Amino acid sequence: MSLAASTRSETTKVFSTAAWWVIAIVMIVYVGGMAAGMAGLFGALSDGQLGPEAGMIPSEGLPAMVYSIASSIGYVFPLLIGTLMVTAEFRHQTLTPTFLATPRRGIALSGKVVVAALLGLLFGVMAIVVTVAPGAGLLAVFGIETQLGEGDTWAMLARILIAFMLWTVIGVGLGALVRNQVAAIVIVLAFTQFVEPILRIAGGFLDWLNNITSFLPGAASDTLVGTSFFTAAGGVDVGSIGVGLDWWGGGLVLAGYAVVLLVLGGLTSWRRDIT
Amino acid sequence: MPDGQLLEFTGVTKRFGDVTAVSDFSARVEPGVVTGFLGPNGAGKTTTLRILLGLVAASEGRATIGGTAYRDLASPLRAVGSVLEASSFHPGRTAAAHLKIFAQAAGLPASRVDEALGAVGLSEVAGRKVGGFSLGMRQRLGLAFALLGDPGVLVLDEPTNGLDPEGIIWMRTLLRELARQGRTVLVSSHLLGEVQQTADRLLIISGGRLVFQGETTELSEETDRSVVVDAPDRAALTAALTAAGIDFSALRGGLAVRGDDTAGIGRIALDAGVALSTLQRRGPSLEEVFLDLVNGVRVHPSAGGVVAAVVADAAAEAEAVEADLVDAEPAEAEPLETDVAADGGADDRADAVVAEDADAVAADVSAELDAMAASSPGSAAAVGFAVASTGIIEVIDTAPAAEAPDEESDDRPSDAAEGEHA
């Protein structure tokens with residue numbers, strides 16, 4: 001019942017059901033398609049092929065924007081898989097044998113956190129591959145510098161991996177707190193696809209609101225990565241770096257969400273009687 | 001061979017809000033025998049077992065395995081194997097993967113997965129997803145999980161749910177064998193018949209309290225034996241027994257009389273000139289004893305003084321409630337009520353019973369109702385009755401028996417007997 005044993009067990013748990021690859025496929029299609037679409041659209045625009053507005057889109061920020069679609073759009077997927085790692089156990093009552101094998105619940109939760117972080121890494125690599133490959137290819141087609149030779153680009157990709165790892169861990173904390181799978185999925189989708197985007201767009205127009213929305217998890221994630229889909233697509237500096245946070249500041253905010261959720265969940269729901 | 005450990009419950013109490021699920025439960029479960037943990041649904045069996053396994057935190061008290069709380073065991077699955085509900089599986093996972101997960105968590109060698117699957121006869125379907133399993137297969141997989149660590153203690157909550165008769169026999173044999181090897185086997189059930197043949201010892205819990213602890217053979221006494229007697233002319237037999245002052249209850253297959261005096265009953269029949277078609281001794285009905293214990297009608301000393309007092313209180317309360325159904329009934333009239341309910345088998349209530357000589361009235365009522373029962377053998381004597389303040393009994397015919405009495409259940413007379421002696 002050591003942490004190592006718990007980690008091995010949790011790894012087998014993740015890879016012995018379909019959830020991980022189903023979510024991975026959806027992520028690859030969604031994120032990859034988005035990156036290819038954006039690279040094609042903005043590449044064509046900046047190239048002037050689509051009309052006289054050519055040149056209005058500066059091309060130098062394009063590669064980073066396209067590559068970071070992996071996290072700026074795709075962060076919902078590591079969040080979802082992390083959440084499911086926990087709520088599936090409540091849903092199928094496998095928490096009973098889990099706690100029978102590992103009665104120290106803190107160790108069981110720690111095992112999940114470790115595996116979630118590793119799973120985030122795996123998802124991050126997959127997301128980066130499917131955004132950078134078609135993105136860079138299409139940018140190159142339109143004669144835009146892919147910036148793949150620059151250290152900054154690779155540093156950004158590394159930060160995307162960190163963001164993915166934090167998102168899966170946030171998912172574990174959320175799952176431990178909420179327990180109910182349907183409720184947790186609804187919360188994840190509603191917050192990431194609806195609540196936060198609207199607040200951040202509003203924050204783009206209201207400075208006072210922007211000071212708050214910059215600390216929302218999605219915004220903190222974008223700050224960590226260093227670029228944002230909202231920034232580029234909206235043409236306004238939305239949510240990202242709005243309050244002068246460095247990339248590591250964003251990372252700390254995001255890690256803060258993970259810690260708060262894990263501590264809250266770990267001390268409350270996770271301790272409850274398993275009946 | 002793993003060692004069986006002593007399981008000890010010491011003053012275990014569990015409250016869920018205002019509801020006390022388990023109340024001051026103290027018991028010991030010894031290695032080397034199968035111990036049945038019995039109680040009706042909702043008696044607190046599952047909660048007690050989950051407290052033992054560290055899944056539910058006790059409000060008070062302690063449950064230990066060989067002196068150690070579950071969460072402090074060095075290697076829980078090697079020490080204790082447990083089967084709780086039959087649905088603790090992810091439907092999309094294969095049986096082998098399910099076991100592998102917990103073998104890894106417990107640091108067990110991977111070979112244990114195949115061995116455990118083999119032990120429960122699931123080797124063939126190791127690679128199949130659990131979602132396609134029948135309830136019986138899931139129970140077997142649950143047992144495979146319990147056997148994973150080759151543990152010295154086995155805790156099984158209703159393990160035969162969903163098993164076919166063949167599976168039940170297989171389970172019984174397995175449990176006996178595991179106990180014979182020196183392991184501690186604790187198996188819960190809400191059906192006495194299910195553990196009666198397997199369990200050497202019994203713990204009986206009712207309303208969260210222990211009401212019996214001891215050998216299965218201690219459960220019944222000689223007085224729990226009965227004689228089944230029948231005659232083609234059952235009315236005549238009924239009359240003869242009644243005349244001889246013998247208590248009996250009507251079953252489908254005859255009349256059941258407490259005790260084992262076949263000769264005496266044969267003599268009564270002979271004297272009355274009734275030809276018998278059946279006269280046989282019947283073993284003690286443990287079910288009856290079980291129900292009496294659970295309902296608090298019977299109190300076993302093993303339940304402990306405090307519990308006994310409480311159960312007695314509960315029994316008194318129950319009687320008081322019954323008594324409340326009868327207006328202005330003096331205390332001495334209680335046996336009357338019970339007697340009537342038992343013999344008449346009809347669930348009518350006295351409109352008003354104010355008996356001055358309760359015993360005499362009771363006897364009269366019995367006689368009247370017996371006569372009624374005799375006049376319509378095999379079906380409920382659908383009668384209502386009232387006892388006037390003068391002690392005159394009117395037998396009132398009510399609507400044709402809507403509900404036949406539960407003829408199979410012969411526990412009612414024992415209630416009556418207890419009531420009379422109360």
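The exercises below, each with a worked solution, concern a predicted model.

**Exercise 1.** Determine in which order the strands of the open sheet of chain B are arranged, and which strands stand at its edges.

*Solution.* Begin with the arrangement: six strands of chain B form an open sheet in the order S5-S6-S7-S3-S8-S9, with mixed pairing. Next, turn to the ends of that order, where strand S5 (80-83) and strand S9 (209-215) of chain B each have a single partner strand, so that one side of each is left without a neighbour in the sheet. Finally, the twist from one strand to the next averages 15°.

**Exercise 2.** Describe how S8(B) pairs with S9(B), and identify which strands helix H10 of chain B touches.

*Solution.* Strand S8 (residues 201-206) of chain B and S9(B) are paired in the antiparallel sense over six bridges, and within this pairing B:Ser206 stands opposite B:Arg209 of S9(B). Helix H10 (residues 286-295) of chain B packs on the sheet, where it touches strand S3 (34-38), S8 and S9 of chain B, and its direction makes about 40° with that of S8(B). At the level of single residues, B:Ile204 is in contact, leaving aside its neighbours within four places in sequence, with residues including B:Val211, B:Phe212, B:Phe290, B:Leu293 and B:Val294.

**Exercise 3.** Work out which element gives the most residues to the side of chain B that touches chain A, and how the residues of that side divide by character.

*Solution.* The contact takes 28 residues from chain B and 25 residues from chain A. On the side of chain B, the elements that give two or more residues are helix H2 (76-79) and helix H3 (95-105), and H3(B) gives the most, with six residues. Sorting the residues of this side by character then yields 15 nonpolar, eight polar and five charged.

**Exercise 4.** Decide whether A:Leu79 is buried or exposed, and list the residues with which A:Leu79 is in contact beyond its sequence neighbours.

*Solution.* First locate the residue, which is found in helix H5 (residues 76-91) of chain A. A residue counts as buried if 20 or more other C-beta atoms lie within 10 Å of its own; A:Leu79 has 28 other C-beta atoms within 10 Å, and is therefore buried. Leaving aside neighbours within four places in sequence, A:Leu79 is in contact with A:Trp167, A:Ile170, A:Gly171, A:Val188 and A:Thr192. As a last step, consider A:Ala116, 37 residues apart from A:Leu79 along the chain: the C-alpha atoms of the two are separated by 9.6 Å.

Definitions and conventions
Residues numbered from 1 in each chain as written. Chains lettered and ligands numbered in written order. Predicted model: local features only at pLDDT ≥ 70, side-chain atom pairs only at ≥ 80, totals over all residues. Pairing = 2+ DSSP bridges. Helix = DSSP H or I, 4+ residues; strand = E, 2+ residues; numbered from the N terminus. Axes fitted to C-alpha atoms, helices over the stretch in contact; angles between N-to-C directions. Contact = placed C-beta atoms within 7 Å. Nonpolar A, V, L, I, M, F, W, Y, C, P; charged D, E, K, R; others polar. Buried ≥ 20, exposed ≤ 12 C-beta atoms within 10 Å, placed from the backbone.
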